Amino acid sequence: MTGMEAVGVVIAVGPGITGRKVGDLVAYVLSPMGTYAEEQILPAERAIPVPPSIDPVIGAAIMLKGMSAQFLVCQSVKVQPGQTVLVHAAAGGVGYLLCQWANALGATVIGTVSSEEKAVQAKEDGCQHVILYKHEDFVTRVNEITSGRGVDVVYDSVGKDTFEGSLACLKVGGCMVNFGETSGMPDSDPSSALAAKSLVLKRPNLYQYTKTREELLHIASEVFTNVASGVLRPRLNHTYPLFQAAQAHSDLETRKTSGSVVLIPNGS
């Protein structure tokens, strides 16, 4: 069954379980899959307590994407004040949170988007520079923006269509973080491009950063804290009833959505 993040109310607990009780509001991410459902059996160690300050629908909108943003800018690469980062799909579900978080850390953020409407959103989310990739060559524009220096970090969830260009945008010693392949897997071997500028290529996975309960709760706590402080401003632009999940997927695939999409169980 599809689905890797959810927020819900505990309706029963197994024998011997402590720290969780009926009525608690909890979230979870990654596993077990199957959140496209009205009820789910969840291992107690994967249940994340949701603070009262977080609305359940906002929690559902922010969990996986917010936790992904945390490990990408704070752990996989620790973004520093004064650095310049390029974020592809800057108005996407993870992209807009990366922009907000990186901006709050003091980085100069360049974002790529597909439309004028999304460009406005990207600027609101902390992008000092926005590139409309359908009308501009993003490599040329990054070179212009950085006066030929290149960026410190590229966050690329697109994959095949942007892979080589992303490497070209990096400064000597820069790092590319590939965390998705919406356009497919890259075709080429990047070894030569990496060697030419002593670049670093990473393909991190949130699962590796949340193996223990302590790691899981640490990342979730940072997300909740940054939502409460206003550093992260969740964009809940689209909700659908659970029975319209197919329509939600169609709208995602045709780029009709921006920010987060949440499915609401029937009767909720």
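Hi everyone, let's start with one residue: Leu-42 is found in the loop between S2 and S3. Before we look around it, please keep in mind that this is a predicted model.

So, is Leu-42 buried or exposed? Its relative accessible area is 25%, and buried means under 20% while exposed means over 50%, so Leu-42 counts as partly exposed. Which residues does Leu-42 touch, once we leave aside its neighbours within four places in sequence? The contacts are Tyr-28, Pro-32 and Ala-47. You can also find Ser-31, which is 11 residues away from Leu-42 along the chain, with 8.6 Å between the two C-alpha atoms.

Now let's look at the strands on either side of that loop. S2 and S3 belong to an open sheet of 3 strands, in the order S1-S2-S3, and the pairing is antiparallel. Strand S1, residues 5-9, and strand S3, residues 48-49, stand at the edges with a single partner strand each, so one side of each has no neighbour in the sheet. As a reminder, strands of a sheet pair through backbone hydrogen bonds, either parallel or antiparallel. Between S1 and S2, which covers residues 25-29, there are 5 bridges. If you want one pair to find on the screen, take Val-7, whose bridge partner in S2 is Ala-27.

Next, a parallel pair. How many bridges join S4 to S5? There are 4, and these two strands, residues 84-87 and residues 108-113, run parallel. Leu-86 has Ile-110 in S5 as its bridge partner. In a regular strand the side chains alternate between the two faces of the sheet. With S4, both faces are covered: Thr-84 and Leu-86 are buried on one side, and Val-85 and Val-87 are buried on the other.

Let's move on to a helix. H2 runs over residues 95-104, and 8 of its 10 residues are buried, so the helix is largely enclosed by the rest of the structure. Among the buried ones are Tyr-96, Leu-97, Leu-98 and Trp-101. After H2 comes Gly-106, with a positive phi near 95°.

One residue of H2 deserves its own stop, and that is Asn-103. At 32% relative accessibility, Asn-103 counts as partly exposed. Outside its neighbours within four places in sequence, Asn-103 is in contact with Val-109, Gly-126 and Gln-128. Glu-39 is another story: Glu-39 and Asn-103 are 64 residues apart along the chain, and their C-alpha atoms are separated by 38 Å.

Finally, let's zoom out. The protein chain has 9 helices and 11 strands. Its C-alpha trace spans about 60 × 35 × 35 Å along the principal axes. What would we expect for the radius of gyration of a compact globule with 268 residues? The expected value is near 18 Å, and the chain has 19 Å, which agrees. Buried residues make up 47% of the chain. If we take contacts with a separation of 6 or more, 61% of them are between residues 24 or more positions apart.

For the surface, the accessible area comes to about 12800 Å², and carbon and sulfur atoms hold 53% of it. As for charge, there are 21 positive and 25 negative side chains, with the centres of the two sets 4 Å apart.

That's my tour, thanks for listening!

How values were computed:
Residues are numbered from 1 along each chain as its sequence is written. This is a predicted model: local features need pLDDT of at least 70, side-chain atom pairs count only at pLDDT 80 or more; totals for chains, interfaces and linings use all residues. Side-chain values use heavy atoms; hydrogens and water are left out. The radius of gyration is taken over C-alpha atoms; the globule rule is 2.2 Å times the number of residues to the power 0.38. Buried means under 20% relative accessible area, exposed over 50%, partly exposed in between (1.4 Å probe, protein chains only). Contact means heavy atoms within 4.5 Å. Accessible areas come from the Shrake-Rupley method with a 1.4 Å probe; for residues, only the protein chains shown count as cover. Lys and Arg count as positive and Asp and Glu as negative; His and the chain ends are not counted. The place of a charge is taken as NZ of Lys, CZ of Arg, CG of Asp or CD of Glu. Two strands pair if DSSP finds at least two bridges between them.
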